[in-house]
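Q: Please take a close look at a single part of this structure and describe how it fits into its surroundings. A connected account would be most useful.

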Amino acid sequence: MRIVLVGPPGAGKGTQAQFISSHLSVPKISTGDIFRANVSGNTPLGRKAKEFMDRGDLVPDEVTIAMVRDRLAEDDAREGFLLDGFPRNVPQAETLKKILAEMDLRLDLVLELVVDDDEVVRRLSGRRTCRKCGRIWHVAFDPPSKEGVCDVCGGELFQRDDDREETIRHRLEVYQEQTAPLASFYADEGILVGLDATGPVEEVTERALAALRPFTE
Ligand SMILES: [Zn+2]
């Protein structure tokens, strides 16, 4: 089964991606992992990507796409895969369609995790990071026993800039701008399924299973 998983920051995409890929026994493929593998393996594409990253520039689409193409051609992806973080926009989605068509394949399903902005803000803005050991706490869902102090190492907790409300709202806006067109692209293809990602992780997982069932039975 070939799946793309999309969802805003704070939707629990990483957790669901892990769960779905092990449930279906297909590799979870994220652009971050592909980048790291190419860079640490010192492949020609990895060297090219590194030039851009070292300069602080974005890696151009054609390099990313070439890496994705190589990754999808690997043996473990033959029976299926779960793509996480790619495609990010409609041009990438069109390219992915072309790559798969060349391999005589197509996507089965695009799962979109849907969670409202206020819920994302609640989840992310409550996060506090330990300055010393990096452990992440949450003021409501996973609080340390003493406010502002890490239970593990006694370090001071702080709120990362990424976890500030205005930063989160900005990221959500950027996400909506890119993803709304992506979602309608896949809706037109007839393969988009929205998944309510509010509530406890286990409930979201249950809904994900229900969405996958027509394909696995
Ligand atoms: Zn700590």
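**Strand β4 and its sheet**

A: Glu112 has Gly194 as its bridge partner in β8. This pair is a convenient entry to the sheet, which is described here from a predicted model: local features need pLDDT of at least 70, side-chain atom pairs count only at pLDDT 80 or more, and totals for chains, interfaces and linings use all residues. Residues are numbered from 1 along each chain as its sequence is written, and side-chain values use heavy atoms, with hydrogens and water left out.

Strands β4 and β8 pair in the parallel sense, over 5 bridges; two strands pair if DSSP finds at least two bridges between them. Their sheet is open and is built from 5 strands in the order β2-β3-β1-β4-β8, with parallel pairing. Its edges are taken by β2 (28-30) and β8 (192-196); each of these has a single partner strand, so one side of each is left without a neighbour in the sheet. On average, neighbouring strands of this sheet are turned by 25° against each other, direction ignored.

Leu109 belongs to β4, the strand of residues 109-114 (strands are DSSP runs of E, at least two residues; helices are runs of H or I, at least four). The relative accessible area of Leu109 is 1%, so this residue counts as buried (under 20%, with a 1.4 Å probe and protein chains only). Leaving aside residues up to four places away in sequence, Leu109 touches Met1, Arg2, Ile3 and Val4, then Ile191 and Val193, and also Ala211, Leu212 and Phe215 (heavy atoms within 4.5 Å). Of these, Arg2, Ile3 and Val4 fall within the residue range of β1 (2-6), Val193 within that of β8 (192-196), and Ala211, Leu212 and Phe215 within that of helix α8 (residues 201-216).

Two helices lie across this part of the structure. Helix α8 crosses β1, β4 and β8 and runs at about 155° to β8. Helix α1 (residues 13-24) lies across β1, β2, β3 (81-84) and β4, and runs at about 170° to β1. These angles run from 0 to 180 degrees between N-to-C directions, with axes fitted to C-alpha atoms, for helices over the stretch in contact. Gln16, whose number falls in the range of α1, is separated from Leu109 by 93 residues in sequence and by 15 Å in space, C-alpha to C-alpha.

Note on methods: Buried < 20%, exposed > 50% of the residue type's maximum accessible area, 1.4 Å probe, protein only.
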